[in-house]
Amino acid sequence: MQGVKLDGGFVIKNHVLTFEVEGLRRDASLLFEDFCRLKLDAQTGGKKVRTALKASELVLQSLAPAAIISRYPPDCLSGDMLTLDGACFKCAAFIPLDGYVDSVFAYLLTVGELPKGGDMLEDFFLYTWGTCYLYAAKLVMERFIASNTGAGRFVSPSYGPGYYGMDPRHMDDIAAVLDSEKIGITLSAAHQIIPEKSAGGAYFALTQGDKVDLNWCRYCNKGPGCNFCNMRTPAV
């Protein structure tokens with residue numbers, strides 16, 4: 001990842017991160033092999049491996065990983081409401097964080113547009129490579145955020161539109177707050193993030209992470225916008 005630590009000022013606006021592709025490639029390959037249960041060995045692999053390797057090269061040709069981050073003081077969170085530059089994000093899962101927040105990091109992350117495949121198998125591998133590169137970039141970004149928090153701080157998981165009961169339409173607000181076009185991100189009329197392999201939300205640097213209840217589903221209104229409700233049995 002290119003770039004330096006954030007400066008000494010507390011509020012940081014639209015700090016752009018770029019990533020070293022070779023480092024992401026190594027991590028994404030490990031994630032891909034684990035997810036697909038394939039060993040990416042061109043010498044011993046069959047058709048699936050050859051197709052997966054071809055898809056990997058296609059993705060690398062268009063890969064454009066970048067993130068944009070802004071840091072905010074703790075008073076931007078009050079109860080279930082996070083206010084960033086006048087944009088309000090309501091989420092019941094914020095409630096247990098209030099009182100423990102040292103700083104808030106809002107972010108957008110993308111790996112760029114994915115190419116189209118020639119058949120269903122290639123399309124699947126292209127999509128999967130995109131997911132793996134996005135996740136690999138997210139891990140690097142999280143380490144960067146952690147390095148810019150105070151000693152002894154705990155960095156929360158990401159909170160974002162479509163998760164923990166937060167309205168998916170809030171992605172429009174995050175894109176506006178963070179000047180998303182700086183890294184090539186736009187939103188469709190249906191509030192879908194473009195490019196598809198992109199993500200956005202907020203991390204919280206917490207003063208006492210061991211005291212914070214991170215059972216998000218406990219506070220959720222079980223609204224239809226939560227992706228976790230579509231992937232797992234709803235919790236109590």
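## The main core

Start in the middle of things: the largest nonpolar core holds 35 residues, and the ones with the most contacts inside it are Phe19, Phe32, Trp129, Tyr133 and Met141. Who supplies this core? At least two residues come from each of α1, α2, β2, β6, α3 and β10. Helix α3 gives the most, with 12 residues. Keep in mind that this is a predicted model.

Take Met141 as an example. Leaving out residues up to four places away in sequence, Met141 touches Leu17, Phe19, Ala67, Ile69, Tyr107, Leu109 and Tyr203. There is also a second, separate core of 31 residues, and Leu84, Phe94, Tyr164 and Leu206 are among its members. This fits a general pattern: in soluble globular proteins, nonpolar side chains tend to be buried together.

## The five-stranded sheet

Now look for the open sheet, where five strands with antiparallel pairing line up in the order β1-β2-β6-β10-β7. β1 (12-18) and β7 (154-155) each have a single partner strand, so one side of each has no neighbour in the sheet. Further in, β2 (residues 66-72) and β6 (residues 101-110) pair through seven bridges, in the antiparallel sense. To find one bridge yourself, look at Ser70, whose partner in β6 is Ala106.

## Helices on the sheet

Helix α3 (residues 120-147) packs on this sheet, touching β1, β2, β6, β7 and β10 (198-206). The direction of α3 makes about 150 degrees with that of β6. Helix α4 (residues 170-177) lies across β1, β2, β6 and β10, and runs at about 95 degrees to β6.

Two residues of α3 are worth a click. Glu122 sits in α3, and counts as buried because its relative accessible area is 6%. Ignoring neighbours within four places in sequence, Glu122 is in contact with Thr51, Lys54, Ala55, Leu58, Lys116 and Gly117. Thr131 is in α3 too, but Thr131 is partly exposed, with a relative accessible area of 35%. From Thr131 to Phe32 you count 99 residues in sequence, yet their C-alpha atoms are 8.8 Å apart in space.

## A quick check on α2

How many Å should helix α2 span? With 16 residues (47-62) at 1.5 Å a residue, the expected span is 22 Å, and the end C-alpha atoms are 23 Å apart, which agrees. In α2, the buried residues are Val49, Thr51, Ala52, Ala55, Ser56, Val59 and Leu60. These buried residues pack against α1 (21-36) and α3.

## Two hairpins around β4

Strand β4 (residues 81-84) has antiparallel partners in two strands. Two bridges join β3 (residues 77-78) to β4, with Ser78 opposite Met81. Four bridges join β4 to β5 (residues 87-90), and Thr83 has Cys88 as its bridge partner.

Both pairs are hairpins. Between β3 and β4 there are two residues, and Gly79 takes a positive phi near 65 degrees. β4 and β5 also have two residues between them, and Asp85 in that turn has a positive phi of about 50 degrees.

Which residues of β4 are covered, and which uncovered? Leu82 and Leu84 make up the covered face, while Met81 and Thr83 are on the uncovered one. That matches a general rule: in a regular strand the side chains alternate between the two faces of the sheet.

## How confident is the model?

The protein chain has an average pLDDT of 87, and 86% of the residues score at least 70. Two stretches stay under 50: residues 1-8 and residues 230-236. Beyond four places in sequence, the model has 21 contacts for residues 1-8 and seven for residues 230-236.

How values were computed:
Residues are numbered from 1 along each chain as its sequence is written. This is a predicted model: local features need pLDDT of at least 70, side-chain atom pairs count only at pLDDT 80 or more; totals for chains, interfaces and linings use all residues. Side-chain values use heavy atoms; hydrogens and water are left out. Two strands pair if DSSP finds at least two bridges between them. Contact means heavy atoms within 4.5 Å. Axes are lines fitted to C-alpha atoms, for helices over the stretch in contact, and angles run from 0 to 180 degrees between N-to-C directions. pLDDT is the predictor's confidence in each residue, from 0 to 100. Buried means under 20% relative accessible area, exposed over 50%, partly exposed in between (1.4 Å probe, protein chains only). The expected span of a helix is 1.5 Å times one less than its number of residues. A nonpolar core is a set of buried Ala, Val, Leu, Ile, Met, Phe, Trp, Tyr and Cys residues joined through side-chain atoms within 4.5 Å.
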